[in-house]
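Student: I should like to request a close look at a single part of this model.

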Amino acid sequence: MNKTILSALVGIVTGFANGLFGSGGGTLLVPALQRFFDIETHKSHATALSVILPLSVLSAWIYVRGDTVNWQAVFWITVGGVPGGFTGALLLNKVSSKWLHRIFGAFMITAALRLIFS
């Protein structure tokens, strides 16, 4: 399949998941970047974050317009999320690809189990 068409299809699926679930497109995008585009692990994670940012801004704008945002949660999660995101970004290149796969997989499995059994 043509890489441009495949990129657009991956983008549609990622954007749909991100908009529907309030983020989460990265859990689909990271493996897609590795499998379909042969992008190595660390670059896949960094690329996914770069793609998810504009998608999340768009989704957030729609959620805010629909008055479905809990602003107290936004504030406190952002207070913790900023230093956490900064630290995680600094550590990305210090973690081996093998362990990055394992950690990412563990997060995905944990999230899936929580959704299934909640």
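What is the volume of the largest pocket?

Tutor: The model is predicted, so local features need pLDDT of at least 70 and side-chain atom pairs count only at pLDDT 80 or more, while totals for chains, interfaces and linings use all residues. Residues are numbered from 1 along each chain as its sequence is written, and side-chain values use heavy atoms, leaving out hydrogens and water.

The largest pocket (on a 1 Å grid over the protein atoms alone, an open set of points where a 1.4 Å probe fits, with protein on both sides within 12 Å along at least five of seven lines) has a volume of about 930 Å³ (the space filled by probe spheres set on the points). Its lining, meaning residues with an atom within 4 Å of a point, comprises 25 residues, and V30, H45, L49, G88 and F104 are those nearest the centre. Two or more lining residues come from each of the helices (DSSP runs of H or I, at least four residues) α2 (25-37), α3, α4 (71-92) and α5 (97-116). Of these, α3 contributes the most to the lining, with 7 residues. By class, 14 residues of this lining are nonpolar (Ala, Val, Leu, Ile, Met, Phe, Trp, Tyr, Cys and Pro), 11 are polar (the others, Gly among them) and none is charged (Asp, Glu, Lys and Arg).

The second largest pocket holds about 370 Å³ of space. Among the 16 residues that line this second pocket, G22, A60, V69, V74 and T78 lie nearest its centre. Here the elements giving two or more residues are α3 and α4, and α4 supplies the largest share, 6 residues. The lining of the second largest pocket has 8 nonpolar and 8 polar residues, with no charged ones.
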